[in-house]
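Hi everyone, thanks for coming. I'd like to walk you through a structure that will be new to most of you, so please have a look at it first.

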Amino acid sequence: GGVDAIVFTAGIGEHSALVRKGIVEGCAWMGLGLDEAANGRNAPTISTPASDVQALVIPTDEERVIAEQSIALLGGYP
């Protein structure tokens with residue numbers, strides 16, 4: 001029925017306030033507003049409280065996920 005949140009992860013998503021700002025500003029049509037101060041400090045939530053859609057910054061560990069999925073694919077640990 002719609003979008004609840006936009007999530008920024010990984011290197012650029014977690015650490016580039018400029019990239020996040022451009023994307024969030026491009027999504028203003030869906031009721032998403034940027035909290036500039038929160039974005040500047042890489043806060044977990046960078047959308048304004050009045051936003052219809054949340055913008056979140058969530059750290060990831062891609063290497064761990066790749067390792068876990070590889071181990072599972074190979075049948076687990078020996």
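I'll go from the core to the salt bridges, then to a few single residues and the last helix. Please keep in mind throughout that this is a predicted model.

Let's begin inside. The largest nonpolar core has 13 residues. Those with the most contacts inside it are Ile6, Phe8, Val24, Met30, Leu32, Ile46 and Ala55. Which elements give two or more residues to this core? They are strand E1, residues 5-8, and strand E2, residues 54-57.

Stay with isoleucine 46 for a moment and look at what surrounds it. Setting aside neighbours within four places in sequence, isoleucine 46 is in contact with ten residues you can click on: Phe8, Arg20, Val24, Gly33, Leu34, Asp35, Ala38, Asn39, Ala55 and Val57. Phe8, Val24 and Ala55 in that list were also named among the core residues with the most contacts.

Now for the charged side chains. Side chains of opposite charge can pair when their charged atoms come close. How many salt bridges does a search of the whole structure find? The answer is three.

Take lysine 21 as our starting point. Its side chain meets that of glutamate 25 in a salt bridge, at 3.9 Å from N to O. Both residues sit in helix H2, which covers residues 17-26, and they are four residues apart, about one turn of the helix. Lysine 21 also meets glutamate 36, with 3.6 Å from N to O. Here the partners belong to two helices: lysine 21 lies in H2 and glutamate 36 in H3, residues 36-40, so this pair ties together parts that are 15 residues apart in sequence. Put together, Lys21, Glu25 and Glu36 are linked in a network of salt bridges.

Are these three buried or exposed? Each counts as partly exposed: glutamate 25 has a relative accessible area of 46%, lysine 21 has 28%, and glutamate 36 has 44%.

The remaining bridge joins arginine 64 and glutamate 68, at 2.9 Å from N to O. Both are in helix H4, residues 62-73, and because they are four residues apart, about one helical turn separates them. Arginine 64 is exposed, at 52% relative accessible area, while glutamate 68 is partly exposed, at 42%.

Let me stay on H4 while we're there. The helix has 12 residues and reaches 16 Å from its first C-alpha to its last, close to the 16 Å expected at 1.5 Å a residue. The number of buried residues among those 12 is zero, so H4 lies largely in the open. After H4 comes glycine 75, with a positive phi near 95°.

Next, a charged residue that tells another story. Arginine 20 lies in helix H2, and it is buried yet has no salt bridge. How far away is the nearest side chain of opposite charge? That is glutamate 14, at 8.0 Å. What the arginine 20 side chain does make is a polar contact with the side chain of asparagine 39, at 2.7 Å. Beyond its close neighbours in sequence, within four places, arginine 20 is in contact with residues including Phe8, Ile12, His15, Asn42, Ile46 and Val57.

That list included histidine 15, so let's visit it. Histidine 15 lies in helix H1, residues 10-15. It is exposed, with a relative accessible area of 58%. Leaving aside residues within four places in sequence, histidine 15 is in contact with Ala10, Arg20 and Asn42. Its C-alpha is 17 Å from that of glutamate 63, a residue 48 places away along the chain.

One last stop: serine 47, in the loop between H3 and E2. Serine 47 counts as buried, at 7% relative accessibility. A polar atom of its side chain lies 3.1 Å from the backbone nitrogen of alanine 55. Not counting residues up to four places away in sequence, serine 47 touches Leu32, Gly33, Asp35, Val53, Gln54 and Ala55. Two of these, Leu32 and Ala55, we met in the core.

That's my tour, and I'm happy to take questions.

Note on methods: Residues are numbered from 1 along each chain as its sequence is written. This is a predicted model: local features need pLDDT of at least 70, side-chain atom pairs count only at pLDDT 80 or more; totals for chains, interfaces and linings use all residues. Side-chain values use heavy atoms; hydrogens and water are left out. A nonpolar core is a set of buried Ala, Val, Leu, Ile, Met, Phe, Trp, Tyr and Cys residues joined through side-chain atoms within 4.5 Å. Buried means under 20% relative accessible area, exposed over 50%, partly exposed in between (1.4 Å probe, protein chains only). Contact means heavy atoms within 4.5 Å. A salt bridge is a side-chain nitrogen of Lys or Arg within 4 Å of a carboxyl oxygen of Asp or Glu. Lys and Arg count as positive and Asp and Glu as negative; His and the chain ends are not counted. A polar contact is a pair of N or O atoms within 3.5 Å; within protein, one must be able to donate a hydrogen and the other to accept it, and residues adjacent in sequence count only if both atoms are side-chain atoms. The expected span of a helix is 1.5 Å times one less than its number of residues.
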